[in-house]
Amino acid sequence: MSDKSKRPDPRVHPYRPDLAASYLRGQVEAKRFVDGVPCQVRTGFASMAEKPSFESRQSTQLLFGEVFTVYDDRDGWVWGQNDTDGYVGWIRLESLTDEVGEPTHQVTALRTFLYAEPDLKTPSVDVLSMGALVGVVGEKDGWVAIDGGGWLYARHVSPLDAEPLDPVETALKFLGAPYLWGGRTSIGLDCSALVQIACLMADIDAPRDSDQQQDALGELVSKDGGGHEYRRGDLVFFPGHVGIMADGTDLIHANAHHMCVVREPLADVVARAGAKGITAVKRL
C-alpha cells in the first residue's frame, strides 16, 4: 500500500488511519476495523460534512429514506457511508433512525410536503425532494401514509418498479433551482447531483462526482467534442463539471456562473470554459 495512487478512493471507501470498515480489511491499513450499523435518513435531507463540525464544508446530501451505514460517532456526529452512491462523510445523528424500513415508492415530483394528517390544510412537518425513498403503508383520499409516520400526496410518489423517467425530462424540471455546492435536492444542487438524480430516476446507477461519472456512465463517443453530432441525453464533461444535452445544441447544467440550473447553448459553455474545454462526451 505504499503507492498512494493504488489506494481505494476515500470518497467512496470508509477508511481512516484509526478506523476502517471491516469489508476493507486487507485493502487498507487502519488501527481498527469495525462492522457498520445500517441506519436510515428520516429528515427531508441530511447534509454530509467533510469533518464533524458545523463549520466544515458540505460534501453532499442524503435524501429521505436513503440508508447510511454508521462506523463511528463523535459529539452528535456520525461517520459512515451512503448506500446509494457510496459517499463517505459525517452527518448529524438526529437525521437518522436505526429502524431501517424497506422502501416501496420514491418521490417523483420536484418536491413534496410531508403532513402529519392527510389534509392539505394541516401544518406540514417536512419537505421531501425528488428521489426520496418511502415505504407506503396505507392510502386515504388521494394521500399515502408512509412508514415512520406522515402523509404524502399520492400523485407525488411512484412505485419503485414504475416506468423509469426520462433523464432529460427530469433535468428540465430543475431549471431555475439554485446552485449549491454539495447540494442534492430541488432546494439547491450542483452539476453532478443534477446528472446523478436524472440518472437515478431513470434506473441508472450513478456515482456522486463528475469525475466518477465520466469514468462510470455511458459509452464514450468523443474525447473533446470535436466532430461529434450531439444527441438528446448526451453527457458532456469538463474539468470538474458536467451537464446533459437537452437536444443537439443546448446543455442543461447546474453552474456557478448563473448560480442555478439553466438550459443554454453548449457553444456558450465551451466559450466560457476557454482552454479547459470538453474532456469527454458520454452516451447513456
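This tour visits strand 22 with its two partner strands, then the largest cavity.

The model is predicted: local features need pLDDT of at least 70, side-chain atom pairs count only at pLDDT 80 or more, and totals for chains, interfaces and linings use all residues. Residues are numbered from 1 along each chain as its sequence is written, and side-chain values use heavy atoms, with hydrogens and water left out.

Select residues 241-245, which form strand 22 (strands are DSSP runs of E, at least two residues, numbered from the N terminus). Five of the five residues are buried, so strand 22 is largely enclosed by the rest of the structure; buried means under 20% relative accessible area with a 1.4 Å probe, protein chains only.

Add residues 235-238, strand 21, which pairs with strand 22 in the antiparallel sense over four bridges (pairing requires at least two DSSP bridges between two strands). Phe238 has His241 as its bridge partner in strand 22. Two residues lie between the strands of this hairpin, where Gly240 takes a positive phi near 75°.

Next, select residues 250-255, strand 23, paired with strand 22 in the antiparallel sense over two bridges. Ile252 of strand 23 stands opposite Ile244. The hairpin joining strand 22 to strand 23 runs through four residues.

Finally, select Gln40, Arg42, Gly65, Gly101, Glu102, Pro103, Leu133, Val134, Gly135 and Asp147, which line the largest cavity (a set of points on a 1 Å grid over the protein atoms alone where a 1.4 Å probe fits but cannot get out; lining residues have an atom within 4 Å of a point). Its volume, the space filled by probe spheres set on the points, is about 50 Å³.

Key: Buried < 20%, exposed > 50% of the residue type's maximum accessible area, 1.4 Å probe, protein only. 1 Å grid on protein atoms, 1.4 Å probe; cavity = no way out; pocket = protein on both sides within 12 Å on 5 of 7 lines; lining within 4 Å.
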